[in-house]
Amino acid sequence: MRRLILVCIVSLLILSLCPSCKRDTGGADEKGKLVVVTSLFPLYDFAKHIGKDRAGVSLLIPPGVESHSFEPRPRDMIKIYDADMFIYTGAAMEPWVADIIAGIQGKNLLVIDASTGIAPREESAGHRDEHRGTDPHIWLDLAYAQKMVDTMCAGFIEKDPVNKTFYTDNAAAYKSSLAALDTRFQNALSRCEKKIIIHGGHFAFGYLARRYHLGYVAAYGFSPDSEPTPKRLYELSELTKRNRITHIFYEELLNPRVAETIARETGATLLKLNAAHNITKDEMARGVSFIAIMEQNLKNLIVGLQCR
Ligand SMILES: [Zn+2]
């Protein structure tokens with residue numbers, strides 16, 4: 001990481017001597033708009049709803065890339081360095097941001113930690129202690145998502161106070177969409193035959209399960225970095241059989257073979273549960289929204305948990 005910063009500083013020096021190179025970074029830089037860089041897809045979508053046509057919002061992580069293992073490349077550092085505002089999820093999701101903050105001292109860049117004011121879940125990812133830590137998936141609690149919109153909106157206002165009413169109104173409208181979605185989740189998930197989500201992916205839905213009073217077990221820890229052990233797969237299969245679970249969930253952007261193994265062992269059917277860390281190139285082209293992803297998740301949960 002230190003070497004990366006050195007490379008970056010050298011690159012920045014070169015760029016400052018070469019004004020025509022300066023805007024060749026793929027960032028949004030339309031005249032008169034706030035240039036906003038976001039780390040994860042939910043933040044990108046929230047920022048677009050707050051800033052609308054007054055902001056050029058871009059997503060740092062390339063489409064389809066697994067977000068937990070992502071580390072910024074030198075050109076990403078330059079993109080952040082050139083922006084008015086950089087918004088990230090929190091230290092647990094993007095540990096590399098600490099180095100970025102250290103590297104931008106004195107720049108006119110506002111860095112927003114979207115988890116400000118949110119108490120994270122500090123516990124193990126459901127099994128033993130090997131995955132103990134801070135659960136970074138705060139955006140999957142739809143009350144926290146609204147809090148994140150508020151925190152981000154304050155950043156827009158700080159950067160562009162003249163348009164305070166515009167940003168505040170946009171944030172309020174978007175928050176009411178999130179609140180309506182939350183109510184739909186509350187209503188639907190309070191009437192389910194099954195009360196436990198068995199996930200063949202990494203432990204991303206702890207906040208969601210807690211909010212709607214559901215049990216949750218996942219094959220992997222808080223990030224999909226280490227393979228689940230055969231013992232872990234056996235435990236999940238046994239839990240599935242014991243609770244007569246009919247559907248196993250798999251995650252986006254990760255090979256579903258772990259979920260497939262549990263499904264094969266238990267005769268359960270597979271359904272997708274999309275934690276929306278990132279989207280594919282195709283979804284980006286189609287303009288898929290965070291709310292649309294969550295609506296599809298709700299449909300799949302209703303089927304998988306047999307909700308009436
Ligand atoms: Zn995750």
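**Exercise 1. Place Thr134 in the fold and describe what surrounds this residue.**

Thr134 belongs to strand β6, residues 133–134, where strands (E, at least two residues) and helices (H or I, at least four) are DSSP runs numbered from the N terminus. The model is a predicted one, in which local features need pLDDT of at least 70 and side-chain atom pairs count only at pLDDT 80 or more, while totals for chains, interfaces and linings use all residues. Residues are numbered from 1 along each chain as its sequence is written.

The next step is the burial of Thr134, which counts as partly exposed because 15 C-beta neighbours lie inside 10 Å. On this scale a residue is buried if 20 or more other C-beta atoms lie within 10 Å of its own, exposed if 12 or fewer, and partly exposed in between, with C-beta atoms placed from the backbone.

Finally, when neighbours within four places in sequence are left aside, Thr134 is in contact with Ala92, Pro120 and Glu122, contact being defined as C-beta atoms, placed from the backbone, that lie within 7 Å. Met93 is 41 residues away from Thr134 in sequence, yet their C-alpha atoms are 8.9 Å apart in space.

**Exercise 2. Determine how α5 and α6 are oriented to each other, and which kinds of residue make their contact.**

Two packed helices are described by the angle between their axes and the distance between the axes. For α5 (residues 142–159) and α6 (residues 164–189), the axes come within 9 Å and cross at roughly 175°; axes here are lines fitted to C-alpha atoms, for helices over the stretch in contact, and angles run from 0 to 180 degrees between N-to-C directions.

Angles under 35 degrees count as roughly parallel, over 145 as roughly antiparallel, 65 to 115 as roughly perpendicular and the rest as oblique. The helices α5 and α6 are therefore roughly antiparallel to each other.

Turning to the residues, the contact includes Val149, Cys153 and Phe156 of α5, together with Tyr167, Ala171 and Leu178 of α6. The full set divides into 14 nonpolar, two polar and four charged residues, where Ala, Val, Leu, Ile, Met, Phe, Trp, Tyr, Cys and Pro count as nonpolar, Asp, Glu, Lys and Arg as charged, and the others, Gly among them, as polar.

**Exercise 3. Find the buried and the exposed faces of α8, and state what covers the buried residues.**

Helix α8 has 13 residues, 230–242, and reaches 18 Å from its first C-alpha to its last, close to the 18 Å expected at 1.5 Å a residue, the expected span being 1.5 Å times one less than the number of residues.

The buried residues in α8 are Leu236, Ser237 and Thr240. They cover an arc of only 100° around the axis, which puts them on the same side of α8; the arc is that of the directions from the helix axis to the C-beta atoms.

On the face turned away from the buried side, α8 carries the exposed residues Lys231, Tyr234, Glu238 and Arg242. The cover over the buried residues of α8 includes β7 (196–199), β8 (215–218), β9 (247–251) and α9 (257–266). Just after α8, Arg244 takes a positive phi of about 50°.

**Exercise 4. Carry out the analysis for α9.**

In α9, Val258, Ala259, Ile262 and Ala263 are buried. Seen down the axis of α9, these residues fall within an arc of 135°, so they line one face of the helix. Their cover includes α8, β9 and β10 (269–273), and just after α9, Gly267 has a positive phi of about 75°.

Key:
Two residues are in contact if their C-beta atoms, placed from the backbone, lie within 7 Å.
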